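Trainee: Please take one stretch of this chain under close examination, and then set it in the context of what surrounds it. I would be grateful for the cut-offs along the way.

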Amino acid sequence: MAAADDLKFQANPDATTISIDEPVEIPKNQHSRQQEPGREEDDELLGTDDSDKTELLAGQKKSAPFWTFEYYQTFFDVDTYQVLDRIKGSVFPVPGKNFVRLYIRSNPDLYGPFWICATLVFTIAVSGNLSNFFIHLGKPTYHYVPEFRKVSIAATTIYAYAWLVPLALWGFLMWRNSKVMNIVSYSFLEIVCVYGYSLFIYIPTAILWIIPQKVVRWVLVVFSLCLSGSVLVMTFWPAVRDDNRRIALATVGTILLLHALLAVGCLAYFFDAPELDFPAPIIPAHNGTTVTTKSH
């Protein structure tokens, strides 16, 4: 039987002890990564690798074939509160915040962009007809005729812009991503979503364009262009800023130029139409002859 002294714990004075209460030392490379200035802001704007992997795995759950109704139903799976929140984010952009990162990436949708574009089409067409009516109101030679062709023209212009421009931008970002590793390529659905919600501000603007004052109309278009353009700049500038400086500036400049052409083109065509040269009315005389009066 062992002696009592043999069972006693013998402490080695040279051994190193670790206390549970002591904080674990952070590796130097990890600590320096956490302290990099601007790193957290970049992760907030562009997303981290973990978030990208999570979104990639989440996208794999959509196993329905693209020719089925269930596949496209996922693009409209959004509630009213999400749509209103995204509309509010497009009208009141937050400086330094990415619209895709804040509102879209968790659940991109086509419901909001589709109905925003449809509402904008009818708003521009109806407001353009009313504007033409109020401009020529009171002229004896003017006869109001609704111009239904403006609906088709507005629909072609708005939907072509909301789909073809995002398609071109998506292809460009994918191409630059193969050249520069730091370029962030948004999905085509995310880009369409951004462009669709950025057009919402033009719906109330088109209603106010009925006011027959050119100065008021141009002030409204500049204000709306600044709001919607800032959403696009704050969304796509973080994606291209690590590219060549000239290419990045040219990309953002092209985005703003096309956006401005849409707004100015709609205002010039649907609201600032040139004065119509109405035919002179024919007034029958008492002696059976006709008299033509010249109108200005």
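**A close look at residues 187-212**

Mentor: Between the end C-alpha atoms of residues 187-212 the distance is 41 Å, and the span is 69% helix and 0% strand. Helices (H or I, at least four residues) and strands (E, at least two) are DSSP runs, numbered from the N terminus. The model is a predicted one, in which local features require pLDDT of at least 70 and side-chain atom pairs pLDDT 80 or more, whereas totals for chains, interfaces and linings use all residues. Residues are numbered from 1 along each chain as its sequence is written, and side-chain values use heavy atoms, without hydrogens and water.

The stretch 187-212 is listed in an unreviewed UniProt entry as "transmembrane region", as are 110-131, 151-175, 218-240 and 247-271; UniProt positions follow the numbering used here, feature names are shortened, and annotations may be inferred rather than shown by experiment. For residues 218-240, the end C-alpha atoms lie 31 Å apart, with 100% helix and 0% strand.

Helices α9 (188-198) and α10 (202-208) each supply at least two residues of the largest nonpolar core, as do others, including α11 (214-240) and α12 (245-270). Such a core is a set of buried Ala, Val, Leu, Ile, Met, Phe, Trp, Tyr and Cys residues joined through side-chain atoms within 4.5 Å. Here buried means under 20% relative accessible area, exposed over 50%, and partly exposed in between (1.4 Å probe, protein chains only). The core has 49 residues, and Y195, Y197, L199, I124, I158 and F236 touch the most other members.

F236 leads back to the stretch in question: leaving aside residues up to four places away in sequence, F236 is in contact (heavy atoms within 4.5 Å) with I191, V194, Y195, L169, Y186 and I255. In helix α12, A260 counts as buried because its relative accessibility is 19%. Its C-alpha atom is 9.0 Å from that of V221, although 39 residues separate the two along the chain.

Charged pairs complete the picture. The structure holds four salt bridges, each a side-chain nitrogen of Lys or Arg within 4 Å of a carboxyl oxygen of Asp or Glu. In one of them, R176 pairs with D243, with closest N and O atoms 2.8 Å apart. Since R176 lies in helix α8 and D243 in the loop between α11 and α12, this pair ties together parts 67 residues apart in sequence. Both R176 and D243 are buried.
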